[in-house]
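Q: I am new to this structure and would like a close look at a single part of it, taken slowly. Please begin with one pairing of residues and work outwards from there, in connected prose.

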Amino acid sequence: MALQPGDAPPALSALRLDGSELALATRRGQVVYVDFWASWCAPCLQAMPALDALQDRYGAEGFTVIGVNVDTERAAAVKMLERVAVDFDIVLDPQGVWPQAFALPAMPSGYLLDREGVVRFVKTGYRTKDLPLIEAAVQRELKRQPGG
C-alpha cells in the first residue's frame, strides 16, 4: 500500500549523479519534497522546473527537494537533465528501492515530508494547475511547529 499522510518512509539512501550518497535521514529538520521522476515521463518534465522554483523560493526557510530518478539507465536521466536543469538534489535509483519503499502508485509522484520525516501531503501525477496545491502544502509545513 502506498505511503499516505501520517506514514513515515523507511531509512533510505541512494547515489547522486556525482557518486556521493544522499540519505533521506540527513534531511530531518527540513521540509522535504521527494519527487519521483523518469526520462520517459512527460509530466515529470513539467514538474521539475516548478519544483526547482519552489526550492529557490522557500529554501532559506528550510524547504528542499530530492528528485528520485527511476530510469534503469543512467544515460537516460543525464540526457533529461541536460534538457531540464535543476538545482535540487537528484539521486539515481535504477533498482527501484525508493519506489518500492513508497509503494509508488504512478509517475510522477511527490511526497511532502515534515521536519520529522512524516508524510504530510501526497501528489500523484502533475499538471501546471497542481503547483498552487503543492506550494500551499509547502507553506503549511514550513509554518507548522515541530511536533504540532
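A: Leu113 has Val119 as its bridge partner in β7, and in this predicted model that pair belongs to an antiparallel pairing of β6 and β7 that runs over five bridges. The two strands form a hairpin with five residues between them, and within this hairpin Gly117 takes a positive phi near 90°.

Leu113 also leads in another direction, since Val32 stands opposite Leu113 in β6. The strands concerned, β3 and β6, run antiparallel and are joined by five bridges. On a further pairing of β3, Val34 stands opposite Ile66 in β4, but here the strands run parallel, and seven bridges join β3 to β4.

These pairings can be placed in an open sheet of seven strands, whose order is β2-β1-β5-β4-β3-β6-β7 and whose pairing is mixed. The edge strands are β2 (21-23) and β7, each of which pairs on one side only. From one strand to the next, the twist averages 30°.

Strand β3 deserves a longer look. Seven of its seven residues are buried, so β3 is largely enclosed by the rest of the structure. Val31, Tyr33, Asp35 and Trp37 point one way from the strand, while Val32, Val34 and Phe36 point the other way, and all of them are buried.

One of these residues, Val34, returns in the account of the largest nonpolar core, which has 47 residues and in which Val34, Met48, Phe63 and Trp98 touch the most other members. The largest share of this core, seven residues, is supplied by α1. Trp98 is in contact with both Val34 and Phe36 of the residues just described, and, when neighbours within four places in sequence are left aside, its contacts also include Leu12, Ser13, Ala14, Leu22, Leu24, Val68 and Asp93.

Helices, too, pack against β3, and α4 is one of them. Helix α4 covers residues 131-143, 13 residues in total, and reaches 18 Å from its first C-alpha to its last, close to the 18 Å expected at 1.5 Å a residue. Its buried residues are Ile134, Glu135, Ala137, Val138, Glu141 and Leu142. They lie on the same side of α4 because they cover an arc of only 160° around the axis. As a general matter, an α-helix has 3.6 residues a turn, so residues three or four places apart point the same way. The face of α4 turned away from its buried side carries the exposed residues Pro132 and Lys143. The buried residues themselves pack against β3 (31-37), α1 (42-58), β4 (63-69), β6 (109-113) and β7 (119-124), so both strands of the hairpin with which this account began are among the elements that the buried residues of α4 pack against.

Helix α2 (residues 74-83) can be described in a similar manner, with Ala77, Met80 and Leu81 as its buried residues. These are placed on the same side of α2 because they cover an arc of only 100° around the axis. On the other side of α2, the residues Ala75, Lys79, Glu82 and Arg83 are exposed. The buried residues of α2 pack against β3, α1, β4 and β5 (89-92).

Coming back to β6, the loop between α3 (97-102) and this strand holds two details of the backbone. Ala103, placed in that loop, has a positive phi of about 50° although it is not a glycine. Ala103 is partly exposed, with a relative accessible area of 25%. Pro108 lies in the loop between α3 and β6 as well, and the peptide bond from Met107 to Pro108 is cis, with omega near -15°. For comparison, most residues other than glycine have a negative phi, and most peptide bonds are trans.

A last point concerns another loop, the one between β1 (13-16) and β2, where Gly19 is found. Gly19 is partly exposed, with a relative accessible area of 45%. Although Gly19 and Val91 are 72 residues apart along the chain, their C-alpha atoms are separated by 9.1 Å.

Note on methods
Residues are numbered from 1 along each chain as its sequence is written. This is a predicted model: local features need pLDDT of at least 70, side-chain atom pairs count only at pLDDT 80 or more; totals for chains, interfaces and linings use all residues. Side-chain values use heavy atoms; hydrogens and water are left out. Helices (H or I, at least four residues) and strands (E, at least two) are DSSP runs, numbered from the N terminus. The expected span of a helix is 1.5 Å times one less than its number of residues. Buried means under 20% relative accessible area, exposed over 50%, partly exposed in between (1.4 Å probe, protein chains only). The arc is that of the directions from the helix axis to the C-beta atoms. Contact means heavy atoms within 4.5 Å. A nonpolar core is a set of buried Ala, Val, Leu, Ile, Met, Phe, Trp, Tyr and Cys residues joined through side-chain atoms within 4.5 Å. Two strands pair if DSSP finds at least two bridges between them. Axes are lines fitted to C-alpha atoms, for helices over the stretch in contact, and angles run from 0 to 180 degrees between N-to-C directions.
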